[in-house]
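This report describes a binding site and the parts of the chain that form it. Please keep the sequence and the structure at hand while reading.

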Amino acid sequence: MKRIALYPGSFDPITNGHIDLIRRSSQLYDEVVIAISFNSSNKNLFSIEERIGLAKESLKDIPNVSIIRHTGGLTVDVAASIGANVILRGIRNTQDFEYESNIATLNKTQNSSIETVVLIAAEHYRFLSSSMIKEIALFGGDISLFVPPVVETAIYEKYKNDVKRDLHAERQ
Ligand code: ADP
């Protein structure tokens, strides 16, 4: 039987921390499927299409990885629908531990045959989050150590366009 793991998340955008976790898990499972969540509250910087595009480009050298949209519904149902019996998550600190253990326990109540497996973040990526990267980029900082070049370019483009739009709106 093929061992398939589902890695769900918002990936807004994908970072070197996520990629490290995906690379490591791709050695443990036959297939790792990344489910990128659609967020109806629209609080993401990137649209779901953009997040998928950035993840695809960043992961193109890992053969047993694929990407799907997680457009709603229970994560355990998404896992079951693709034949995955593992949900993969990452933990960086005790805060993540609290959060992830709650979700894992809840998921278990919904489908007891699906296990959550957590990988501990690599030491040098333990402080890394998508939101921290966005904040550094917003203030013009250097994010090249934390994201692939395609993501770095996309964030700066996004903020450049936002600034242009704001200036345009101000003049109206
Ligand atoms: P979510 O909105 O579901 O938390 P994220 O994209 O922020 O989505 O994270 C997806 C998963 O990846 C979570 O389990 C998170 O703890 C983990 N993760 C985020 N950043 C890192 C990192 N730097 N190293 C390892 N795991 C990480």
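## The pocket and its lining

In this predicted model, helix 4 gives the largest share of the lining of the largest pocket, namely seven residues. Helix 4 spans 94–110, and at least two lining residues each also come from strand 1 (4–9), helix 1 (16–26), strand 4 (86–91) and helix 5 (130–138).

The largest pocket encloses about 1,000 Å³ of space, and of the 40 residues that line the largest pocket, Gly9, Ser10, Arg89, Arg92 and Glu100 are the closest to its centre. Sorted by class, the lining of the largest pocket comprises 18 polar, 14 nonpolar and eight charged residues.

## The ligand and its shell

Where does the ligand sit? The ligand sits in the largest pocket, and the elements that contribute two or more residues to the shell around the ligand are strand 1, helix 1, strand 4 and helix 4. There are 16 residues around the ligand, of which Tyr7, Ser10, Phe11, Gly90 and Tyr125 come nearest. By class, the shell around the ligand consists of seven nonpolar, five polar and four charged residues.

## Polar contacts

Two contacts involve oxygen atoms of the ligand: a polar backbone atom of Phe11 is 2.9 Å from an oxygen atom of the ligand, while a polar side-chain atom of Glu100 lies 3.0 Å from an oxygen atom of the ligand. A nitrogen atom of the ligand, in turn, lies 3.0 Å from a backbone N or O atom of Tyr125. As for cover, the ligand on its own has 560 Å² of accessible area, and the protein covers 85% of this area.

Glu100 thus appears in two descriptions of the site, being listed among the residues closest to the centre of the largest pocket and having a side-chain atom that lies 3.0 Å from a ligand oxygen. Tyr125, whose backbone provides the atom that lies 3.0 Å from a ligand nitrogen, is also one of the residues that come nearest to the ligand.

## The loop after strand 1

Phe11, whose backbone is in polar contact with the ligand, lies in the loop between strand 1 and helix 1. The phi angle of Phe11 is near 50°, which is a positive value in a residue other than glycine.

Pro13 is found in the loop between strand 1 and helix 1 as well, and the peptide bond that joins Asp12 and Pro13 is cis, with omega at about 0°.

Note on methods:
Residues numbered from 1 in each chain as written. Predicted model: local features only at pLDDT ≥ 70, side-chain atom pairs only at ≥ 80, totals over all residues. Heavy atoms only, no water. 1 Å grid on protein atoms, 1.4 Å probe; cavity = no way out; pocket = protein on both sides within 12 Å on 5 of 7 lines; lining within 4 Å. Points joined across faces, edges and corners; volume = space filled by probe spheres on them. Helix = DSSP H or I, 4+ residues; strand = E, 2+ residues; numbered from the N terminus. Nonpolar A, V, L, I, M, F, W, Y, C, P; charged D, E, K, R; others polar. Near = heavy atom within 4 Å. Polar contact = N/O pair within 3.5 Å; in protein donor to acceptor, adjacent residues only side chain to side chain. Areas by Shrake-Rupley, 256 points an atom, 1.4 Å probe, with all protein chains shown as cover. Sits in = over half its atoms within 2 Å of the grid points.
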